[in-house]
Amino acid sequence: VLVSHLDLADLHSVKSFASDVMDKFEHVDVLVNNAGVAQLGRVRRTKQRLDGVYGVNFLAHFYLTSLLIPALKKSPDSRIVNLSSALHHTASRDFLASFH
């Protein structure tokens with residue numbers, strides 16, 4: 001288990017974290033990506049000026065996973081677990097219709 005600083009709203013932090021993992025461990029058995037940012041109201045931006053929800057919940061996890069693939073491949077039974085929140089249950093049935 002590694003406890004280390006990781007700011008998913010900053011891709012430089014994601015890269016630094018991945019480098020730290022690669023330096024300290026010869027392989028990674030499990031990577032859990034847990035999306036959990038919801039912006040209700042004011043739009044927030046990542047350090048790279050991306051939409052906060054997209055940057056944190058999707059792009060940062062994709063980037064972290066891609067950086068750790070070499071270490072994951074070194075473990076014969078490695079797993080990547082992607083989680084999301086249940087916030088989608090709060091959307092109305094007419095949500096998609098609002099985009100037309």
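## Burial and surface

In this predicted model, buried residues make up 26% of the 100 residues in the protein chain. The accessible surface of the chain comes to about 7,500 Å², and 57% of that surface belongs to carbon and sulfur atoms.

Confidence in the prediction is described by pLDDT, whose mean over the protein chain is 86, with 82% of the residues reaching 70 or more. Among the elements of the chain, helix H1 has the highest mean pLDDT, at 96, while strand E1, which covers residues 30–34, has the lowest, at 91. As a general caution, predicted coordinates should not be read in detail where pLDDT is low.

## Overall fold

The secondary structure of the protein chain consists of two helices and two strands, and a reader who follows the sequence from its start meets them in the pattern α-β-α-β. Among the contacts in the chain with a separation of 6 or more, 63% are between residues that lie 24 or more positions apart.

## The nonpolar core

The largest nonpolar core has 13 residues, and within this core Leu 64 and Leu 68 touch the most other members. Two elements give two or more residues to the core, namely helix H1 (11–24) and helix H2 (52–73). Of the elements, H2 gives the most, with six residues.

Leu 64 shows how such a residue meets distant parts of the sequence: when residues up to four places away are not counted, Leu 64 touches Leu 6, Val 14, Phe 17, Ala 18, Leu 31 and Asn 33.

## Asp 20 and its partners

A search of the whole structure finds one salt bridge, and this salt bridge joins Asp 20 to Lys 24, with the closest N and O atoms 3.2 Å apart. Both residues lie in helix H1, where they are four residues apart, which is about one turn of the helix. Lys 24 has a relative accessible area of 52%, and because exposed means over 50%, this residue counts as exposed.

Asp 20 also has a partner outside the helix, since a polar contact of 3.1 Å joins the side chains of Ser 4 and Asp 20. Ser 4 is placed in the segment before H1, and its relative accessibility of 31% makes it partly exposed. Not counting residues up to four places away in sequence, Ser 4 touches Phe 17 as well as Asp 20. The C-alpha atoms of Ser 4 and Phe 17 are separated by 7.2 Å, although the two residues are 13 residues apart along the chain.

## His 61 in helix H2

His 61 has its place in helix H2, where its relative accessibility is 8%, so it counts as buried, a label that requires a value under 20%. A polar atom of the His 61 side chain lies 3.0 Å from the backbone oxygen of Asn 57. If its neighbours within four places in sequence are left aside, His 61 is in contact with Leu 8, Asn 33, Asn 34, Ala 35 and Val 56.

## The loop between H2 and E2

Ser 75 is found in the loop between H2 and strand E2 (79–83), and Pro 76 is found in this loop too. Are these two residues buried or exposed? Ser 75 is buried, with a relative accessible area of 7%, whereas Pro 76 counts as exposed at 76% relative accessibility.

The surroundings of Ser 75 include Asp 29, and a polar contact of 2.6 Å joins the side chains of these two residues. Apart from residues up to four places away in sequence, Ser 75 touches His 27, Val 28 and Asp 29. For Pro 76, the C-alpha atom is separated by 8.2 Å from that of Asp 29, although the two residues are 47 residues apart along the chain.

## An unusual backbone angle

Most residues other than glycine have a negative phi. Arg 49 has a positive phi of about 70°, although it is not a glycine. Arg 49 lies in the loop between E1 and H2, and with a relative accessibility of 60% this residue counts as exposed.

Note on methods. Residues numbered from 1 in each chain as written. Predicted model: local features only at pLDDT ≥ 70, side-chain atom pairs only at ≥ 80, totals over all residues. Heavy atoms only, no water. Core = buried A, V, L, I, M, F, W, Y, C linked by side-chain atoms within 4.5 Å. Buried < 20%, exposed > 50% of the residue type's maximum accessible area, 1.4 Å probe, protein only. Contact = heavy atoms within 4.5 Å. Areas by Shrake-Rupley, 256 points an atom, 1.4 Å probe, with all protein chains shown as cover. pLDDT = per-residue confidence, 0-100. Salt bridge = Lys/Arg side-chain N within 4 Å of Asp/Glu carboxyl O. Polar contact = N/O pair within 3.5 Å; in protein donor to acceptor, adjacent residues only side chain to side chain.
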